[in-house]
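I opened this entry to keep track of what I looked up, in the order in which I looked it up. My plan was to begin with the rings, go on to the core, and end with the charged side chains.

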Amino acid sequence: MIESTSQFIALVERDDEEARHDLRYREATEATWLEILRSDDHYVRIVTLNKTLPESILRHLSRHGSSEVRVDI
């Protein structure tokens, strides 16, 4: 489970096969996803790659100002 924004950022910065897998399949709480999304716009599209996002986060992303983000989800 992704426990924090700093843990998420560490996965992004590692940029290896295991980290990419974790970014796609590791779960996080709704609060953690929101914290990540609010931390830096750079991470929004990376978050959309995750296959375990809660419905509430998908709804949040569906209202994002970027059409690219909306298409990603």
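Before looking for aromatic pairs I wrote down the rule: rings of Phe, Tyr and Trp (its six-membered ring) pair if their centres lie within 6.5 Å, and planes under 30 degrees apart count as stacked, over 60 as edge-to-face and the rest as tilted. I also noted that this is a predicted model, in which local features need pLDDT of at least 70 and side-chain atom pairs count only at pLDDT 80 or more, while totals for chains, interfaces and linings use all residues. Residues are numbered from 1 along each chain as its sequence is written, and side-chain values use heavy atoms, with hydrogens and water left out.

**Rings**

How many aromatic pairs does the structure hold? I found two. In one of them the ring centres of Phe8 and Trp33 are 6.2 Å apart and the planes stand at 80°, so I entered this pair as edge-to-face. Phe8 belongs to helix H1 and Trp33 to helix H3, so to speak of distant parts of the chain is fair here, with the two positions 25 residues apart. For helices I relied on DSSP runs (H or I, at least four residues; strands are E, at least two), numbered from the N terminus.

The other pair is Phe8 with Tyr43, again edge-to-face, at 5.7 Å centre to centre and 90° between the planes. Tyr43 sits in the loop between H3 and H4 while Phe8 is in helix H1, so this pair ties together parts that are 35 residues apart in sequence. Taken as a group, Phe8, Trp33 and Tyr43 form a cluster linked by ring pairs.

Are these rings buried or exposed? I took buried as under 20% relative accessible area, exposed as over 50% and partly exposed as in between, with a 1.4 Å probe and protein chains only. By that rule Phe8 and Trp33 are buried, and Tyr43 is buried as well.

**Core**

I next looked up the nonpolar core, meaning a set of buried Ala, Val, Leu, Ile, Met, Phe, Trp, Tyr and Cys residues joined through side-chain atoms within 4.5 Å. The largest one has 19 residues, and among those with the most contacts inside it are Phe8, Trp33, Ile36 and Val47. H1, H2, H3, H4 and H5 each supply at least two residues of this core, and the largest share, four residues, comes from H3.

Helix H3 covers residues 30-39, and its buried residues are Thr32, Trp33, Leu34, Ile36 and Leu37. What do they pack against? I found helix H1 (5-14), H4 and helix H5 (55-62). For Phe8 I listed contacts (heavy atoms within 4.5 Å). Leaving out residues up to four places away in sequence, Phe8 touches Ile2, Leu23, Trp33, Ile36, Tyr43, Ile46 and Val47.

**A buried polar residue**

Asn50 is in the loop between H4 and H5, and at 5% relative accessibility I counted Asn50 as buried. I then checked its polar contacts, that is, pairs of N or O atoms within 3.5 Å, where within protein one must be able to donate a hydrogen and the other to accept it, and residues adjacent in sequence count only if both atoms are side-chain atoms. The Asn50 side chain reaches the backbone oxygen of Arg26 at 2.9 Å, and it makes a polar contact with the side chain of Thr52 at 2.6 Å.

**Salt bridges**

Finally I counted salt bridges (a side-chain nitrogen of Lys or Arg within 4 Å of a carboxyl oxygen of Asp or Glu), and the count came to eight. Arg20 and Glu17 form one of them, at 3.3 Å from N to O; both lie in helix H2 (residues 17-25), three residues apart, about one turn of the helix. Arg20 is partly exposed at 38% relative accessibility, whereas Glu17 is exposed at 58%.

Arg45 meets Glu68 at 3.6 Å, N to O. Arg45 lies in helix H4 (residues 44-47) and Glu68 in helix H6 (residues 67-72), so the pair ties together parts 23 residues apart in sequence. Arg45 also meets Asp72 in a salt bridge, at 2.6 Å from N to O, and this pair, from helix H4 to helix H6, links positions 27 residues apart. I entered Asp72 as partly exposed, at 31% relative accessibility.
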